[in-house]
Amino acid sequence: SDEGVREAVSWLRRAHPLSHTTTQRKSQVHHALAEMMSNILWPLVRSELPLSCPHISHDVLDEWFALIMQLKKDIWSWTQKHDKHTKDGWTLNTILVCLLDNDQYPVNVDNTVDFFIRQLKIKELRGLVMRCLIQLIISYLVRYGKGGIVRPLLNKWLDHVVKPLLTTAKKGGFGISELLEMTAPIAELAPEYAVGTIILDLLASQVPDCTLASLRALYGMVTTVPPQLTPLLARATDAFDTTVAVDSAADLPISSFTKGQPGSHTVSRTTSGHSGTTRGSSHKVQAGVSIQSGSGALELLRRGMHPFDLLGIGHLMPKLSSTLSKLLTTWHAWYGTNAAYNNPENYSRERNTNVAMFCWLIRLIPYTKPDQWGNCKPLDLLPTYITHVEPSVRSTAHEAVLALVKGLPHVRNMMLVSYVSCLSSLNDDQHQLVRAGLVALRTLARAWLSCLSERAHARGGGAGCVEVCWPTPSGTRDSLGLANGGTNALNAAVT
């Protein structure tokens, strides 16, 4: 409202960092006020306020934008006086640029981008520069990403900002957390650009941090069901019989994205601070579908859908699968052949310092259409990792197989049979591996039976999950995953 904007203008005048002075530690007061103002103003950038409010009078908006421009000039002059003001001054100045009106914004944002790109040469300031550039990218996507300018021009502007960041990253200039901080908001607001330009580029890098960050970012995307897609998923659930009806991807909203930290995968909707990262609580879809990261994606996969298809970026999956296939082929030779029962004393931990990347690649297998990976056969290799000498690889392989059993009905039988076969190959003296493998096998069998129970409940008129059964000549038994020895595998596992 007009009154709300007037109150905001009055508060900004009172909170102006440079209007408060003390006899001692004056700079500390200025820095604290600048940081406070940055944290308060950043949510306005994400929500495009007050620019997006249609009922605010022009006079009030003019007063707001005039004050924002004056604050920007004051903060920039203050920042130039001493290097100690750089951190808080640059951050606040960037946010003020993001809040300028439509007339002042284009020129100022381009000038600010060019300034920060030049500062990437300073090693000590790279992290700060990257965060400021990401703030500008978020602002640009919020303001123009929903049709404000044509897609080629938007991508051209993004290339101008992102390519220098990628070049610096591939030289080892950023750590994993900084790379994730860079990728997360772009994946939320422009998923096609994030996958097609950033993630694929980082996957091809020879810098381990780049590869690991891109795998983690990709995992966050493929295991997240955007809350904006809740109505669509509910409609698809209601329309289900043996096929899936999906609306045109061209009309779908932009993705929501989380970093995908292991063990804490939830869809994020709460913005934290002014860095552009997100964290929050999980959401639920109508019809009882949980939209926690990972489990929500598995619900989609069981219905024959994929998050990328719903976001209109399914066309990137073949290129992505090809890249992941090449990585698995290479890394399997480096990391994947170290069985615990095959000369573990010759296992070189120096050679396997990057085994974390291998684990994240294994986590991605269930969510990236593994039966379309070409010459590399991840479904054949995955069960062999349950006997790996590295505990992290074994546990990750168990998680991936469980996700496949839950999310891909047509591969359940093959995965359990292969799992049993790998367990039977263990030596008699591998007691711990056998015991852990049997416990995991029981978990897999119970998950399979739970899915079948939900399916039977849904067919009986309940509100459970409806799965896509791929048509096969074997009829009902094959559609339930019980043909070709599946019954024996289930019975053996349960026993």
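Buried here means under 20% relative accessible area, exposed over 50%, and partly exposed in between, with a 1.4 Å probe and protein chains only. The structure is a predicted model, in which local features need pLDDT of at least 70 and side-chain atom pairs count only at pLDDT 80 or more, while totals for chains, interfaces and linings use all residues. Residues are numbered from 1 along each chain as its sequence is written, and side-chain values use heavy atoms, with hydrogens and water left out.

Aromatic contacts were examined next. A pair of aromatic rings is described by the distance of the centres and the angle of the planes. Rings of Phe, Tyr and Trp (its six-membered ring) pair if their centres lie within 6.5 Å; planes under 30 degrees apart count as stacked, over 60 as edge-to-face and the rest as tilted. By this criterion the structure holds 14 aromatic pairs. One of them joins Trp90 and Phe116, and it is edge-to-face because the ring centres lie 5.4 Å apart with the planes at 75°. This pair links distant parts of the chain, with Trp90 in helix H4 (residues 86-98) and Phe116 in helix H5 (residues 105-119), 26 residues apart. Helices (H or I, at least four residues) and strands (E, at least two) are DSSP runs, numbered from the N terminus. Phe116 has a relative accessible area of 0% and is therefore buried. Trp90, at 5% relative accessibility, also counts as buried.

The rings of Tyr140 and Trp157 are stacked, because their centres are 3.7 Å apart and their planes at 0°. Tyr140 lies in helix H6 and Trp157 in helix H7 (residues 151-169), so this pair ties together parts that are 17 residues apart in sequence. Both Tyr140 and Trp157 are buried. Elsewhere, Trp331, Trp334, Tyr335, Phe358 and Tyr385 form one aromatic cluster.

Charges over rings were also recorded. A charge sits over a ring if NZ of Lys or CZ of Arg is within 6 Å of the ring centre and within 35 degrees of the ring normal. The charged end of Arg143 sits over the ring of Tyr105, at 3.9 Å from the ring centre. For Arg363, the charged end sits over the ring of Trp360, 4.5 Å from its centre.

Arg143 also appears in the cavity analysis, as one of the residues nearest the centre of the largest cavity. On a 1 Å grid over the protein atoms alone, a cavity is a set of points where a 1.4 Å probe fits but cannot get out; lining residues have an atom within 4 Å of a point. Grid points are joined across faces, edges and corners, and a volume is the space filled by probe spheres set on the points. The count comes to one cavity of 30 Å³ or more. The largest cavity encloses about 100 Å³ of space. Its lining has 14 residues, and Leu44, Glu48, Cys98, Leu99 and Arg143 lie nearest its centre. Helix H2 (26-47), helix H3 (58-81) and helix H6 (126-144) are the elements that give two or more residues to this lining. H6 gives the most, with three residues. By class, eleven lining residues are nonpolar, one is polar and two are charged. Here Ala, Val, Leu, Ile, Met, Phe, Trp, Tyr, Cys and Pro count as nonpolar, Asp, Glu, Lys and Arg as charged, and the others, Gly among them, as polar.

Backbone geometry was then considered. Most residues other than glycine have a negative phi, and most peptide bonds are trans. Glu48 is not a glycine, yet has a positive phi of about 55°. This residue lies in the loop between H2 and H3 and is partly exposed, at 23% relative accessibility. Pro50 is found in the loop between H2 and H3, and the peptide bond from Leu49 to Pro50 is cis, with omega near 0°. Lys369 has a positive phi of about 50°, although it is not a glycine. Lys369 belongs to the loop between helix H15 (355-364) and helix H16 (378-381).

Contacts across the sequence complete the picture. Val109 lies in helix H5 and is buried, with a relative accessible area of 0%. The C-alpha atoms of Val109 and Thr94 are separated by 8.5 Å, with their positions 15 residues apart along the chain.

Notes:
1 Å grid on protein atoms, 1.4 Å probe; cavity = no way out; pocket = protein on both sides within 12 Å on 5 of 7 lines; lining within 4 Å.
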